[in-house]
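Colleague: I would like to learn how to read helix packing and burial. Can we work through a case together?

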Amino acid sequence: MRRAAHLAAALRRGADRWLFRVGKPEAAPIRLTQRRIYVLPTPAGLGFAAALAVMLLTSINYNLSLGYGLVFLLGGAATASIVHAFRNLLGLSLRPARCEPVFAGEAAGFRLLIDNPRPSRRPALRLRAHGQVGTFELGPATESTILLACPTTRRGRLHLGRSVIESTWPLGLIRAWSVFVPDADCIVHPAPEPAPPPLPDSGADGAGTSASTREGDDDFAGLRAHRSADSPRHVAWKALARGGPMLTKQYSAARGGELLLAWSALPVHLDDEQRLSRLTAWILRAEQDGRRYGLHIPNTRIAPDLGHDHRDRCLRALALFGSTAEDTERRP
Amino acid sequence: MSAGATRFAAMLKRRGSARPAPAPALDRHQGLWLLAAAALTVAPHGIWLPAWIHALCLLFLAWRGLILWQGSRPPPAVLLFALAAAAAAGVRLEFGHFFGKDPGVALLALLLGMKLLEARAARDIHTGVLLCLFLQLALFLENQSIAAAAMAFLGTLTCLGALVALADPAGSVREHLRSATLLLVHGLPFLLVFFVLFPRIQGPLWGLPADAFSARTGLSDTMTPGSISALGNSSAIAFRAAFDGPPPPPAQRYWRGPVLGSFDGRTWTAARFAEADAPFYRPVGRRLDYVLTLEPHNRRWLLALDYPGAAGPLVRFASDHQALSARPVQTRSRFALSAYPDAPVGTDESPAVLAAATRLPADSNPRSRELAASLAAGAASDAEILERVLAHMRAARLRYTLRPPLLGTDSADEFLFDTRSGFCEHFASAFAVLMRAAGVPTRIVTGYQGGEINPVDGYLVIRQSDAHAWAEVWLEGRGWLRVDPTALAAPERIADGLAAALSAEDALPLMLQADMAWLRGLRHRWEALSNSWNQYVLGYNPERQREFLASLGFDPRSAAKLAGLLAGISALLLLALYAWASWQRRTSDPVQRAWERFSARMARAGLGREPWEGPLAYGDRLAEALPEQADSLHAICAAYARLRYGAVQAGDQSRALEKQMKGIRIQ
């Protein structure tokens with residue numbers, strides 16, 4: 001069974017490479033030209049053809065001139081539908097848009113910008129990637145954004161990879177499709193540990209041995225100049241309302257010093273993914289608490305800071321932990 | 001890589017992507033399209049489907065409509081199964097069997113109704129549409145008129161609309177209709193090419209079921225009083241004839257059908273005859289060539305003009321001078337025939353035939369026999385007897401009517417002495433009885449007489465109401481002579497047709513009434529149209545295809561050449577469609593188009609617009625390069641920017657701008 005599956009996968013890769021000239025991600029925009037649109041009958045189309053054959057036999061047997069006419073008219077319309085289906089895809093151009101990072105287990109929302117240059121509608125299109133199918137249509141002479149939500153199971157870089165745009169319009173008898181690999185990927189952060197232990201108390205090496213019982217928001221400790229990365233929740237709005245400068249409230253928990261979230265300080269029984277998961281949870285907690293934190297993991301050291309950009313940088317480092325920069329793994 | 005391998009690999013690939021697209025649920029639009037297609041398909045079948053089956057089908061459709069209207073759930077499968085079983089049992093009861101055309105169509109129609117009731121998913125719509133298409137084909141088994149073709153075309157359009165609605169649930173009805181129409185328009189050239197060139201095969205390929213050609217109205221090989229007058233009310237067309245030269249005058253148009261030689265006192269039946277490939281007389285004298293287009297009557301006789309002569313290979317001749325087809329005429333058929341109206345026939349008739357032609361049942365029509373004996377007394381020859389009988393019948397003032405009284409067993413006696421009014425079969429029958437009683441060989445010929453020339457296409461149209469019966473008398477040395485006793489009472493029947501001969505109290509079929517001139521004109525046009533339809537569309541058979549291809553210079557026997565021609569033209573058609581598909585206007589906005597043309601012209605002069613360049617910047621650059629036209633170039637680009645990005649939408653301005661752009665000369 002597994003060997004057969006392997007063989008099928010190999011055949012498919014071969015077909016991708018030789019037939020559809022699909023391999024590495026393509027540079028945007030991807031234009032769907034004649035050469036990369038394929039058409040074949042659908043099962044319904046084969047059934048239709050069989051029905052026409054029976055109708056033709058009936059016409060011959062009973063010498064029905066109009067029967068011939070009906071069969072040829074339907075055959076002609078079905079033949080024309082090949083061209084209509086083909087035309088429905090012809091000339092579209094696709095560009096991948098930015099994909100917001102997600103946590104493993106959430107759906108990655110890939111966005112494709114599809115431009116329809118023709119001043120007529122393109123009905124009943126389908127986008128297929130990662131086993132997901134999105135149905136959409138394009139208005140006349142417009143560019144639309146198509147969102148395809150793909151479930152994620154593990155952290156890392158998720159490529160949109162081999163994608164198919166297809167249509168069985170107008171009669172459902174012919175399927176026209178085109179295969180492409182857009183240069184689109186999505187950073188999948190590790191899933192945060194569901195119930196993580198409290199944050200390590202300080203940047204000291206003893207982190208993880210004793211947990212702080214104090215909530216970071218408890219004790220107001222003073223004000224400092226606002227930095228753009230600070231959480232809006234900590235802005236001293238009253239001071240601002242009085243006409244003062246924009247200040248950030250500091251709390252006693254933060255005063256305890258900067259957190260250092262370090263790989264090496266985690267309990268030894270945790271494996272790599274569990275460690276990443278816990279660090280993710282801690283980063284989120286620290287960010288929520290407004291505490292400055294730094295991240296030390298093998299090969300990466302990020303100095304303590306606070307704010308969305310910092311958080312994303314840390315999470316990205318966790319997401320890509322262990323993968324090389326050229327990692328082009330296409331499937332999660 | 002070859003195309004075949006390409007497709008195969010693509011097929012493998014398709015298998016690979018295991019997840020099928022989710023089947024869309026049937027929405028109201030799609031349901032309505034399918035319902036419309038089914039209604040348009042089933043409705044015309046009402047003419048020949050048994051009433052209860054048709055009513056049941058319509059009921060199913062109405063039920064489906066109700067389900068759509070209320071948005072309720074389709075009936076449960078158990079109920080549908082029970083309905084299907086009951087319907088099948090009903091069909092079995094109605095027809096006595098399942099096999100054959102009529103029960104097949106009935107079952108298909110019921111199946112369509114029930115399929116619609118359970119339609120939920122895409123597959124059901126596909127099945128429903130295929131059932132509709134089959135039923136449209138079945139329509140042609142009964143009727144291939146222009147109206148049936150129009151009905152089927154409309155049905156096909158709706159079926160395609162249903163498929164489009166299935167593929168494109170988000171579209172509007174107008175868009176579905178537009179797509180379906182466009183598909184049909186693109187399918188039409190294929191229809192024309194294949195209709196003309198696709199090799200026609202003379203059916204049937206296998207044995208046809210017994211009910212393939214149900215009984216049709218027309219002559220039969222027996223004649224009783226009243227059997228022909230029953231046809232007088234039917235304006236259905238029996239056959240048409242197209243003459244090479246001018247057609248003969250009405251009084252000479254005797255179309256010969258079955259010849260009836262045996263008489264049992266009331267009913268005339270056909271006598272036995274011999275058959276050969278050549279006529280049983282020497283064709284001499286005037287010759288008329290014509291083509292007969294016979295409506296199917298499921299009999300062998302051809303109703304050729306008296307007396308039929310040399311013709312095509314499919315025609316055989318009987319010893320009583322009928323022309324026969326080799327097989328019963330089950331489809332509308334064309335026969336090239338000729339007639340020799342002046343040739344003497346049967347001059348050397350066998351004594352056995354002559355003896356049979358004087359036979360009368362001993363105990364029938366005693367009064368007629370008595371009359372015949374008195375008329376024949378002292379006559380010198382058969383010709384003199386003929387004169388006396390005709391003179392007697394002329395003097396008897398018999399009345400010609402479309403509604404003759406019913407007659408008993410001694411029909412000749414009752415007609416001649418009691419009722420004294422009758423239709424052509426009464427005249428012919430009574431005359432033949434008198435002649436036979438006087439010992440002169442006489443027989444009845446049934447067929448058609450007269451016919452009407454359609455002024456629109458020049459075809460002679462013969463209807464069932466032109467059915468006629470006359471007699472033939474054999475005289476020594478002269479052979480069989482045609483005698484039409486009806487002409488004695490109603491000479492205008494022979495010269496001008498049925499309408500002229502009938503008195504006012506005989507209500508005529510509407511179409512035959514003289515004061516309906518405009519209606520007749522309309523009917524002539526319509527019949528000429530359906531004649532062309534019959535000749536060129538329905539009558540396009542293997543023979544005509546061969547003739548046509550030969551006239552084009554193709555060897556019609558070479559199947560390979562024909563296939564090549566067909567493939568070549570189809571490829572050309574596909575190429576044309578492909579060109580249509582690839583061609584596209586970049587935009588429908590006239591201002592934008594004009595701007596692109598303008599930029600293209602400038603590009604030819606080496607001043608192409610860069611993709612990132614806005615109209616104003618482009619205008620600046622152009623003005624710099626072409627200082628003589630700086631002002632107008634600036635104006636053009638500014639106007640374009642205003643029209644394109646500004647708030648105003650002015651048609652006049654855009655036309656002015658287009659003109660300005662065209663007016664620019666690059667120096």
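Colleague: How do the axes of helix α7 and helix α8 of chain B cross?

Modeller: Two packed helices are described by the angle between their axes and the distance between the axes. In this predicted model, the axes of α7(B) (residues 146-167) and α8(B) (residues 173-197) come within 8 Å and cross at roughly 125 degrees. Axes are lines fitted to C-alpha atoms, for helices over the stretch in contact, and angles run from 0 to 180 degrees between N-to-C directions. Helices are DSSP runs (H or I, at least four residues), numbered from the N terminus. That angle makes α7(B) oblique to α8(B). Under 35 degrees counts as roughly parallel, over 145 as roughly antiparallel, 65 to 115 as roughly perpendicular, and the rest as oblique.

Colleague: Is the crossing of α7(B) and α8(B) left-handed or right-handed?

Modeller: Right-handed. The near helix is turned clockwise from the far one by less than a right angle; anticlockwise would be left-handed. Contact means heavy atoms within 4.5 Å. Among the contact residues are B:F153, B:L157 and B:L160 of α7(B), and B:L177, B:A180 and B:L184 of α8(B). By class, the contact has nine nonpolar, five polar and no charged residues. Ala, Val, Leu, Ile, Met, Phe, Trp, Tyr, Cys and Pro count as nonpolar, Asp, Glu, Lys and Arg as charged, and the others, Gly among them, as polar.

Colleague: At what angle do α2(A) and α6(B) cross?

Modeller: Roughly 15 degrees, with the axes of α2(A) (residues 43-61) and α6(B) (residues 122-142) coming within 11 Å. They are therefore roughly parallel to each other. Their crossing is right-handed. The contact includes A:F48, A:V54 and A:M55 of α2(A), plus B:L130 and B:F134 of α6(B). Nine nonpolar, four polar and no charged residues make up this contact.

Colleague: Now burial. Is B:V433 buried or exposed?

Modeller: Buried, at a relative accessible area of 1%. Buried means under 20%, exposed over 50%, partly exposed in between (1.4 Å probe, protein chains only). B:V433 lies in helix α13 (residues 424-437) of chain B. Beyond its neighbours within four places in sequence, its contacts include B:W268, B:L360 and B:A412.

Colleague: Where is B:S411 found?

Modeller: In helix α12 (residues 411-419) of chain B. B:S411 is buried too, at 3% relative accessibility. Leaving aside neighbours within four places, its contacts include B:P225, B:R266 and B:S429.

Colleague: Any conventions to note?

Modeller: Residues are numbered from 1 along each chain as its sequence is written, and chains are lettered from A in the order written. Local features need pLDDT of at least 70, side-chain atom pairs count only at pLDDT 80 or more, totals for chains, interfaces and linings use all residues, and side-chain values use heavy atoms, without hydrogens or water.

Methods. Helix = DSSP H or I, 4+ residues; strand = E, 2+ residues; numbered from the N terminus.
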